[in-house]
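Hi everyone, and thanks for making time for this. I'd like to walk you through a structure that may be new to you, so please have a look at the screen.

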Amino acid sequence: MEKKAEVIIIGAGPAGSTAATVLARRNFDILLIDKCQFPRDKVCGGVLTAKSMKLLEKIHPGVVFSLNLKPITKVSFGYPGTERKNESITYIYKKPLFYVATRKELDNALMENALRNGAKYENDAIIRIERLDDGFICHGRSGNTYSAPYVVIAAGVFGHNLLENTSKISYSIAYKAQTASVPITTATINFHDFGYTWILPGKGFFNVGIGSYDNSLTYADAENIVKKLFNFPIGKLNAAPLPMFDKTISVDLNNMVPGCLFVGDSGGFVDPWTGEGISFAMETGFCSAKAIIEKGGDRLKVNDDFLGRIRRIGIHLQIAGILREKLTTTLPERFDLLSDIRMAKLLYVYLNGYLKGIDRLMIKGFFFQGVKGIETR
Ligand SMILES: Cc1cc2nc3c(=O)[nH]c(=O)nc-3n(C[C@H](O)[C@H](O)[C@H](O)COP(=O)(O)OP(=O)(O)OC[C@H]3O[C@@H](n4cnc5c(N)ncnc54)[C@H](O)[C@@H]3O)c2cc1C
């Protein structure tokens, strides 16, 4: 069967559901296609920063109130792999640094919001996209085809493979488990030689995970490390890739085919310092919708318009790359840096919005008054 729409959106994660909501609200005929039946889970820390919260309130008003979010005002950091294994540094903030959500609940709420606004949903896996002079035909595993003049690819980190292209996004691997209880009360992030681990308290659950800075950490390694490091029973570990932002690749992908935009993980839009991707998924989804609404009469102009709209995200993500290199990967030697209150301030300001430069970050951090204290142990 062939189905037609004005815009086809592949993937109903935060990127796809946001694009669908914004376009459907402007009466575009939208087909939102996902290979999963919703509600579905996604391997993720579930951290919603102020950037994510602002976007949720702006684009999906009402959804925030329906979610069971746990506010986090205390975060501990440690470097257990060294002789400093018993030391930790805890930042305590006056307002939440972030909230913890479950992706099952969040993504389902966003997807339902898109449908409430008029988008249509199709449960199918797209296996190939055929390019025509005036649009696209997306071929589903079911045998159905879906055609439209515009396609937004929001299908997660491997979405860029749906069209033949030479720009390949590289990625790191992370593993996550959900667990009923752990013997800690604060959010904890520890740095190790292989990467990092996290324990995040949610409402009625703990989100536990392990990540690496590249894709070399195997499932067996992750299981062994977790058994050694966590002295409490944890649920089943699930793996997922985390795209590594590379400006050239993200721009190339979005310059490749008129009328085809790559958003969220499919465009590589994840913060290389913190691993935050939900806000960038919603923001790039929003920008793709805006580009189609504003320049939809001319397929050649849509891609340029989109790239113009995401320029500030690109600047932020490039700064993130510098912070990752200067701070995280050299952390063993710089662990004392973490006990400096300026780092606690910088982290809050950094997570709160898009940055225009490192100097601006420093200045904003200097004047920030929201740190209640720092505890070192
Ligand atoms: C372990 C881990 C922890 C993370 N923790 C955080 C965190 O705490 N906070 C944060 O902000 N970010 C975090 N991230 C990043 C975040 O999960 C992603 O950046 C975010 O989910 C990207 O959203 P998206 O909409 O682009 O893609 P996704 O959320 O991956 O959604 C893609 C959708 O596309 C569908 N799909 C895929 N292929 C096809 C196909 N061929 N046809 C049809 N449908 C398809 C999938 O079923 C899925 O529903 C984490 C990532 C990992 C791996």
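One definition before we start, as the element names depend on it: helices are DSSP runs of H or I with at least four residues, strands are runs of E with at least two, and both are numbered from the N terminus. Please also keep in mind that this is a predicted model.

With those names in hand, let's go to the loop between α1 and β3, where we find N27. What is the phi of N27? It is positive, about 65°, even though N27 is not a glycine. For context, most residues other than glycine have a negative phi. Is N27 buried or exposed? N27 counts as exposed, because it has 10 C-beta neighbours inside 10 Å, and the cut-off for exposed is 12 or fewer.

While we are on backbone details, look at the loop between β3 (30-34) and β4 (47-48), which holds P39. The peptide bond leading from F38 into P39 is cis, with omega near 0°. In general, most peptide bonds are trans.

Now to the helices. Two packed helices are described by the angle between their axes and the distance between the axes. Let's start with α1, residues 14-25, and α4, residues 103-116: their axes come within 8 Å and cross at roughly 20°. Angles under 35 degrees count as roughly parallel, and α1 and α4 are therefore roughly parallel to each other. Their crossing is left-handed. On the α1 side you can pick out P14, S17, T18, A20, T21 and A24, which meet D107, L110, M111, N113 and A114 in α4. By type, the residues of this contact are six nonpolar, four polar and one charged.

Helix α1 has a contact with α7 as well. Here the axes are 7 Å apart and the packing angle is about 35°, and the crossing of α1 and α7 is right-handed. From α1 the contact includes P14, A15 and G16, along with V22 and L23; from α7, those taking part include I278, F286, K290 and I293. Sorted by type, the contact of α1 with α7 has twelve nonpolar residues, five polar and one charged.

And α7 meets α2, residues 50-59, too. The axes of α2 and α7 come within 8 Å and cross at roughly 35°, this time with a left-handed crossing. K51, S52, L55 and I59 of α2 face I278, S279, M282, E283 and F286 of α7. That contact divides into five nonpolar, two polar and two charged residues.

So what about the interior? The largest nonpolar core has 101 residues, and the members that touch the most others are V7, I8, I9, I10 and I30. Which helix gives the most to this core? That would be α7 again, residues 278-295, with nine residues. Zooming in on V7, and leaving aside its neighbours within four places in sequence, its contacts are L23, F28, I30, A148, Y150, V152 and I292.

My last stop is Y219, in helix α5, residues 219-229. Y219 counts as exposed, because it has 12 C-beta neighbours inside 10 Å. To place it against α1, take L23: the C-alpha atoms of Y219 and L23 are 39 Å apart, and the two residues are 196 residues apart along the chain.

Thanks for listening, and do rotate the model yourselves.

How values were computed: Residues numbered from 1 in each chain as written. Predicted model: local features only at pLDDT ≥ 70, side-chain atom pairs only at ≥ 80, totals over all residues. Axes fitted to C-alpha atoms, helices over the stretch in contact; angles between N-to-C directions. Parallel < 35°, antiparallel > 145°, perpendicular 65-115°, else oblique. Left-handed = near helix turned anticlockwise from the far one by under 90°. Contact = placed C-beta atoms within 7 Å. Nonpolar A, V, L, I, M, F, W, Y, C, P; charged D, E, K, R; others polar. Core = buried A, V, L, I, M, F, W, Y, C linked by C-beta atoms within 7 Å. Buried ≥ 20, exposed ≤ 12 C-beta atoms within 10 Å, placed from the backbone.
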